[in-house]
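Subject: Structure for your review, with notes on its spaces and helix packing

Dear colleague,

I am handing over the structure below, together with some notes that I hope will be useful when you open it. Please read them with the coordinates in view.

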Amino acid sequence: MTKLLGQRIMVGFSGTSPSAGLLRSVRRGEIGSVILFAPNLASRAQTLAMTGALQRAARAGGNPKLLVAVDQEGGQVKRLPAAPPSLSPPDMVHTGKVSVAAGQGRATASVLKRWGINMNLAPVTDVPTYGGAFVWRQGRAFSFNASTVTRYATAFALGSQARGVAATAKHFPGLGSAPIDTDFKRQELHPSAAQRAAALEPYRAMIPRGLDAVMLSVAGFPAYDSSGTVAALSPPIIGLLRGRLGFGGVTITDALGTPTGHDEITAGVLAAAAGADILLFTDSAPGELGRLRAALASGQIRHSEAAACYRRIITLKRKLGLA
């Protein structure tokens, strides 16, 4: 049960080297992935030593290697500021050449691999609905036009995947109407039917081409789930992605916590019960695995769904040479 559930847990941590406790959890199979932020990344040599220690701990316990993720989108969000992409998403579009986005995806993945990183939480596939949308103000969205977003985001993602780094389209089902970053405040969004259709267009195009992962947002969308439950915790919204859009790859929640309306661990249990594969906890906190075990034992998390999530994660890890 530990390994079945542990593969679903992604954690962040402080500092430039993993603690003994983190290494112990990785070795026991209680954690399957980590996310790195700028303070974790002092230099390439340090990062390779850090990720190497984590991967050795995973293998020492007989587990698959870890997914090691960063947000390397371009524009305002780059955990490695000096690394590619050298262009922001809007600047890629301004070149008028989709091949540029593909090249930026390949270049970014090549550098990430040299740093021991195998998953990029990019590209942003949100379609802004107005100039005040936070994804546009922050230089993270490609365009206001859904077809343009689709072409350039697909090129970037496939470029990344061609170099062996998983790409992650985000933030499903679309944050183009969000005025502020959903990492910091709970929001309920009400895009029109036309805007909702535009927001799904990139996913419709990317999924048949083998997209590795999709990040589920932590905003509520009453048009999809009348309860107002945020996407990452919503069975109807995850069902939309799996059913209507036919996505068979890995889903990962956006950072769990305050914007979900719950504490991190409760949000993680609810996301797991809703069918999210990887549960993103920005801090490693005791209790995550225990609560998931209890939810599985009680039937809140169905065993068949937990097994399906595990298989999707392991399939991705095998593709990346991690299992």
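The notes that follow deal with the empty spaces, then with the packing of helices, and lastly with the cis peptide bonds.

Please bear in mind throughout that this is a predicted model, and that the values below were computed from it.

I begin with the enclosed space. The structure holds 1 cavity of 30 Å³ or more, and the volume of the largest cavity comes to about 80 Å³. Its lining is made up of Val127, Thr129, Pro173, Gly174, Gly176, Ser177, Pro191, Gln195, Arg196, Ala199, Phe221 and Tyr224, and when these residues are sorted by class, 6 are nonpolar, 5 are polar and 1 is charged.

Turning to the open spaces, the largest pocket has a volume of about 400 Å³, and among the 25 residues that line it, Phe37, Arg79, Asp181, Asp183 and Asp254 are the closest to its centre. The classes in this lining are 10 nonpolar, 7 polar and 8 charged residues.

The second largest pocket encloses about 260 Å³ of space and has 13 lining residues, with Gln55, Gly116, Ile117, Asn118 and Leu322 lying nearest its centre. Which helix gives the most to the lining of this second largest pocket? It is helix α3, residues 44-60, which supplies 4 residues. Sorted by class, the lining of the second largest pocket has 4 nonpolar, 6 polar and 3 charged residues.

For the helices, I give three packed pairs, and two packed helices are described by the angle between their axes and the distance between the axes. The axis of helix α2 (residues 20-27) comes within 7 Å of the axis of α3, and the two cross at roughly 40°, which means that α2 counts as oblique to α3. The crossing of this pair is right-handed, and the contact is formed by Leu22, Leu23, Val26 and Arg27 on the α2 side, with Ala53, Leu54, Ala57, Ala58 and Ala60 on the α3 side. By class, the residues in the contact of α2 with α3 comprise 8 nonpolar, no polar and 1 charged.

In the second pair, helix α7 (residues 146-162) packs with helix α8 (residues 193-206) at an angle of about 35°, their axes being 9 Å apart, and the crossing of α7 and α8 is again a right-handed one. On α7 the contact involves Ala146, Ser147, Val149, Thr150, Ala153, Thr154 and Ala157, while on α8 it involves Ala198, Glu201, Pro202, Ala205 and Met206. The residues of this contact of α7 with α8 divide into 8 nonpolar, 3 polar and 1 charged.

Helix α7 also packs with helix α5 (residues 98-114), where the axes come within 7 Å and cross at roughly 30°, and here too the crossing of α5 and α7 is right-handed. In α5, the residues Val98, Ala101, Ala102, Gln104, Gly105, Arg106, Thr108 and Ala109 meet Arg151, Tyr152, Ala155, Phe156, Gly159 and Ser160 in α7. The contact of α5 with α7 is made up of 7 nonpolar, 5 polar and 2 charged residues.

Finally, there are cis peptide bonds to look at in the backbone. One joins Pro84 and Pro85, with omega about 5°, and Pro85 sits in the loop between β5 (77-78) and α4 (89-94). Another runs from Phe172 to Pro173, with omega near 0°, and Pro173 belongs to the loop between β7 (166-172) and α8. Pro173 also appears in the lining of the largest cavity, which may be a convenient place to start when you look at that region on screen.

With best regards

Methods: Residues are numbered from 1 along each chain as its sequence is written. This is a predicted model: local features need pLDDT of at least 70, side-chain atom pairs count only at pLDDT 80 or more; totals for chains, interfaces and linings use all residues. Side-chain values use heavy atoms; hydrogens and water are left out. On a 1 Å grid over the protein atoms alone, a cavity is a set of points where a 1.4 Å probe fits but cannot get out, and a pocket is an open set with protein on both sides within 12 Å along at least five of seven lines; lining residues have an atom within 4 Å of a point. Grid points are joined across faces, edges and corners, and a volume is the space filled by probe spheres set on the points. Ala, Val, Leu, Ile, Met, Phe, Trp, Tyr, Cys and Pro count as nonpolar, Asp, Glu, Lys and Arg as charged, and the others, Gly among them, as polar. Axes are lines fitted to C-alpha atoms, for helices over the stretch in contact, and angles run from 0 to 180 degrees between N-to-C directions. Angles under 35 degrees count as roughly parallel, over 145 as roughly antiparallel, 65 to 115 as roughly perpendicular and the rest as oblique. A crossing is left-handed if the near helix is turned anticlockwise from the far one by less than a right angle, and right-handed if clockwise. Contact means heavy atoms within 4.5 Å.
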